[in-house]
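Welcome! Here is a short tour of one protein model, meant for someone meeting it for the first time.

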Amino acid sequence: MKNIKNIFAILLIVCTVQACGLKSVGYNFTGGSTGDAKSFQVNFFQNYASQSPGSTVEPGLDRDFTNALQDLLGSQTSLSLTPSNGDLVYEGEIVEYRISPMTATAAQTAAQNRLTMTVNVRFYNKTKEDSDFEQRFSFFYDYDANSLLASVKSEAHAELFERITQDIFSKSLADW
């Protein structure tokens, strides 16, 4: 009798896990819906920040951001990354990368700086064209004005990329 209960419990767990993992429905644990899409494509995000007054050019930012978006989509969906003809296509450009003073000290010097990054994104869904969009996504990272950007850059980029790519994911695939 005890073996039957154990077998029943194991079968119940296996069935529950399999039901949660159904890929044909197009949902996953992140809340995103990929519908009938099987693949995604992330085109290289060019860095045009130098064309925005006050912005600076950060070498490698375009490559790092493109990779971050590919990594996020690959880890949060069951879609396969493809270099062309993807069912879901992400493209765009980095349009702002700016450092601005945020708060001042009594001596009228900056106490805190803000690094702001803005990305213009175009999203195309070949399986559901009414979900296509073009939108800007932006986020910022505040740091002590006594620190050089070089000393906080990896932490700043990690936070900026995480927030912006998650916003892109939510806008393109989350049915909220």
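A good place to begin is pLDDT, the predictor's confidence in each residue, from 0 to 100. The mean pLDDT of this protein is 85, and 77% of its residues reach 70 or more. Over residues 17-31, however, pLDDT stays under 50; the model has 18 contacts there beyond four places in sequence, a contact being heavy atoms within 4.5 Å. Where pLDDT is low, the predicted coordinates should not be read in detail.

Two notes on reading the rest. This is a predicted model, in which local features need pLDDT of at least 70 and side-chain atom pairs count only at pLDDT 80 or more, while totals for chains, interfaces and linings use all residues. Residues are numbered from 1 along each chain as its sequence is written, and side-chain values use heavy atoms, with hydrogens and water left out.

**Overall layout**

The protein has three helices and six strands, in the order α-β-β-α-β-β-β-β-α along the sequence. These elements are DSSP runs numbered from the N terminus: helices are H or I with at least four residues, strands E with at least two. Among contacts with a separation of 6 or more, 68% join residues 24 or more positions apart. Of the 176 residues, 40% count as buried, meaning under 20% relative accessible area (exposed is over 50%, partly exposed in between; 1.4 Å probe, protein chains only).

**The core**

A nonpolar core is a set of buried Ala, Val, Leu, Ile, Met, Phe, Trp, Tyr and Cys residues joined through side-chain atoms within 4.5 Å. The largest one here has 35 residues, and Phe65, Tyr90 and Met117 have the most contacts inside it. The elements below each give two or more residues to this core.

| Element | Residues |
|---|---|
| β1 | 39-42 |
| α2 | 61-76 |
| β4 | 88-104 |
| β5 | 110-125 |
| β6 | 133-144 |
| α3 | 149-173 |

The most comes from α3, with nine residues.

**A closer look**

Which residues does methionine 117 touch, not counting those up to four places away in sequence? They include Leu61, Phe65, Ile94, Phe137, Leu160 and Ile164. In α2, the buried residues include Leu61, Phe65, Leu69, Leu72 and Leu73.

Phenylalanine 123 lies in strand β5 and is buried, with a relative accessible area of 0%. Leaving out residues up to four places away, phenylalanine 123 touches Leu88, Val89, Tyr90, Ser131, Asp132, Phe133 and Ser172.
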